[in-house]
Structures are given as C-alpha cells and as structure tokens.
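Hi there,

Here is the structure I promised to pass on. Have a look at it first, and my notes follow below.

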Amino acid sequence: MSKKNTGLWVFLPLVGFVALALLLASGLGRNPEELPSALAGKPVPGFSKPSLITGDTLTEERLTGQWQLLNVWGTWCPTCYVEHPYLLELAQRGVPIVGMDYKDEDDKARDYLARYGNPFSEVIVDADGQLGLDLGVYGAPETFLINPRGEIVLRHVGELNQRAWDEKFAPVLRQAGNPLGGPS
Amino acid sequence: MIRWLLLLTLVLAAPLQAAIDIYQFDTTDQQDRFHRLTEELRCPKCQNQSIADSDAQIARDMRDRTASMIREGHSDQEVVDFFVTRYGDFVSYRPPVNERTAILWMGPLGLMLIGVLAIVMLVRRASRSAELEEDDRT
C-alpha cells in the first residue's frame with residue numbers, strides 16, 4: 001500500500017461522521033407527532049353511530065358524495081377550543097365539515113355547539129371511541145380530508161389552522177379541481 | 001423482629017400487585033399473551049412507551065381491545081395486524097422487514113461489517129509495514 005493511499009483513508013472516519021450527522025439532522029426537523037396515516041387512500045371504515053343533532057343512525061355513506069372534512073373533537077380537548085373559530089370560518093367559506101364527537105358526553109357537546117357556534121353539517125357521536133380506534137385516531141383534534149368516493153385522502157393531527165389548510169388541504173383540493181382549494 | 005417486618009411487607013405487597021392487573025382471562029396462557037402483546041405494542045400518543053406502560057386514554061382503549069380480541073380467540077398476529085392497519089408500522093415495537101425499515105434492521109449489521117473490515121485492513125497493513133521494517137534491517 002502506497003503512502004499516498006494511506007493519506008486518503010485518514011478522511012474516511014470524517015466522511016462517515018458527516019454522513020451520519022446529515023442523516024440524524026434530517027430527522028431533527030420532523031414532527032414526531034406526525035405519524036404516517038396507515039389509512040391514507042383507504043375507504044372510511046364502516047360504522048353505525050347516532051347523530052348528535054338528529055339522533056338518527058349514521059353510516060359511512062354519510063361521508064361520500066362530495067369532498068368533505070371529518071373533524072375529530074371533544075369538549076374535553078383544549079386544542080379543539082383553539083381550533084373552533086377556524087372551523088367556523090371554513091364552514092362559512094362553504095367547506096362541508098362532518099364532526100365526530102370523540103369520547104364525550106352528548107349534553108356537554110350540544111352545549112358547546114350552542115355556545116361557540118356549529119361549523120358541522122353533521123356530528124357523529126363516537127362515545128366509546130371505537131370508530132376513533134378504527135380510524136387510527138389517538139387524540140383530538142384530528143382532521144381527515146375525504147373524497148367523494150368516501151376514501152381518506154389525508155389526515156392532519158393537531159390544530160387545523162390557515163397554515164395547515166394552505167399547506168396540506170388546499171393543494172389536494174386544487175389538484176382535484178375543487179373550487180374550495182382556491183385559485184391555482 | 002426483622003423477620004416479622006419482612007413478612008408484613010410481603011403480605012401487604014400481594015394485594016397491591018393484584019390491583020394493577022384488572023384484566024381477567026380464562027387461562028394463564030391468555031394472560032401471558034396479553035402481557036407480551038401490550039409490551040410489544042407502542043402507544044401512538046405518548047411515544048416511546050408501550051401500551052402496557054402508558055396511562056394515556058388511547059393506550060387504555062388499545063389494552064381493552066387487545067384483551068377482548070384475545071378473549072374472542074384471535075391470534076397474536078391478528079391483534080398486531082389489527083393495530084398496524086390502523087396506526088401503521090409505527091405501532092409495533094417489532095416492525096416488519098421491508099424496504100422502508102431496511103436501514104433499521106440492516107444498519108447496525110452494516111456498520112459492524114464496516115468496522116470489522118477496517119480492523120482487518122489496519123491489522124494487515126500493520127503487519128506488512130512490520131515486515132518491511134524487518135526487510136530494511138537485513
């Protein structure tokens with residue numbers, strides 16, 4: 001082995017270190033709460049749950065026919081209060097939102113909507129959290145975008161706000177040619 | 001005296017341990033499977049805890065579902081698959097081997113190979129230069 005060759009080998013640990021550092025650094029910027037949704041592209045799981053508003057039985061059929069949001073909330077969830085005004089704004093812009101009252105008490109939920117306003121076209125009561133489990137929900141708020149075929153297109157964990165809307169929801173709607181996505 | 005104290009702690013400890021275990025199973029085999037599965041499934045809310053360790057609401061729901069699935073006679077694999085289809089590979093502390101998890105499974109082995117290779121090369125070079133030095137002396 002020549003002398004010149006040895007000189008280059010000296011840098012190998014440095015190269016290895018830099019490669020590892022870059023790999024780890026790319027992970028630092030990620031939000032660990034943001035789990036890849038296992039359900040993306042799959043249809044909403046079948047369910048049969050009462051409506052908070054009418055008491056009628058709702059099924060997964062209710063989530064087909066148009067682009068709409070499925071928002072998981074509960075009166076016990078602090079972030080839901082923060083998010084609520086933005087949901088009202090979206091509803092006013094014509095975005096159909098179906099609420100899912102997750103592990104909550106019906107009376108409290110009705111009071112909540114009466115007091116803060118109701119952005120939901122329908123509210124599914126998931127008192128025992130079983131539909132939440134089927135949807136892979138692990139907290140609230142969570143928001144799903146559902147296409148007219150009743151398939152989950154994307155999932156947002158945490159507060160839904162203008163930024164999340166602009167970055168995640170609007171581009172998908174625009175691509176689908178839906179005016180709710182705004183001008184392209 | 002100390003013997004009596006020890007006995008007293010033992011007697012007091014027994015019901016404490018029983019209080020944690022609220023899930024009833026028909027057989028000890030089911031009980032064992034429940035413990036193994038809840039250790040192996042990861043809580044999606046409080047990450048880095050298994051659903052057995054976590055006090056989060058969702059972990060409790062997942063324990064309930066695990067227990068009921070075991071009682072209904074589902075296999076371990078069916079329980080794990082149930083959660084993986086809903087929460088993704090993330091939820092299992094024993095993720096499957098596929099192209100996305102390849103670096104996780106093969107990474108340590110690869111790094112070890114590089115290390116062994118480096119040591120072999122260093123040793124060979126050292127012995128070669130030692131030979132050269134001996135040659136110089138003659």
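Why is strand S3 (residues 68-73) of chain A largely enclosed by the rest of the structure? In this predicted model, 6 of the 6 residues of S3(A) are buried, so the strand is largely enclosed. Side chains in a regular strand alternate between the two faces of the sheet. Here Gln68(A), Leu70(A) and Val72(A) point one way, while Leu69(A), Asn71(A) and Trp73(A) point the other way, and all are buried.

Now for the neighbours. S3(A) runs antiparallel to strand S6 (residues 142-146) of chain A, joined by 5 bridges, and Asn71(A) stands opposite Thr143(A) there. With strand S4 (residues 97-102) of chain A, S3(A) runs parallel, again through 5 bridges; Leu69(A) faces Ile97(A) in that pairing. Helix H3 (residues 78-92) of chain A joins S3(A) and S4(A) in a right-handed β-α-β unit.

Zooming out, these strands belong to an open sheet of 5 strands with mixed pairing, in the order S5-S4-S3-S6-S7 (chain A). Strands S5 (122-126) and S7 (152-157) of chain A are at the edges with a single partner strand each, so one side of each has no neighbour in the sheet. Neighbouring strands are turned by 20° against each other on average, direction ignored. S4(A) and S5(A) pair in the parallel sense over 5 bridges, and Asp101(A) has Val125(A) as its bridge partner in S5(A). Helix H6 (residues 162-175) of chain A lies across S6 and S7 of chain A, at about 175° to S7(A).

Happy browsing!

Conventions. Residues numbered from 1 in each chain as written. Chains lettered and ligands numbered in written order. Predicted model: local features only at pLDDT ≥ 70, side-chain atom pairs only at ≥ 80, totals over all residues. Buried ≥ 20, exposed ≤ 12 C-beta atoms within 10 Å, placed from the backbone. Helix = DSSP H or I, 4+ residues; strand = E, 2+ residues; numbered from the N terminus. Pairing = 2+ DSSP bridges. Right-handed = clockwise from strand over helix to strand, strands pointing away. Axes fitted to C-alpha atoms, helices over the stretch in contact; angles between N-to-C directions. Contact = placed C-beta atoms within 7 Å.
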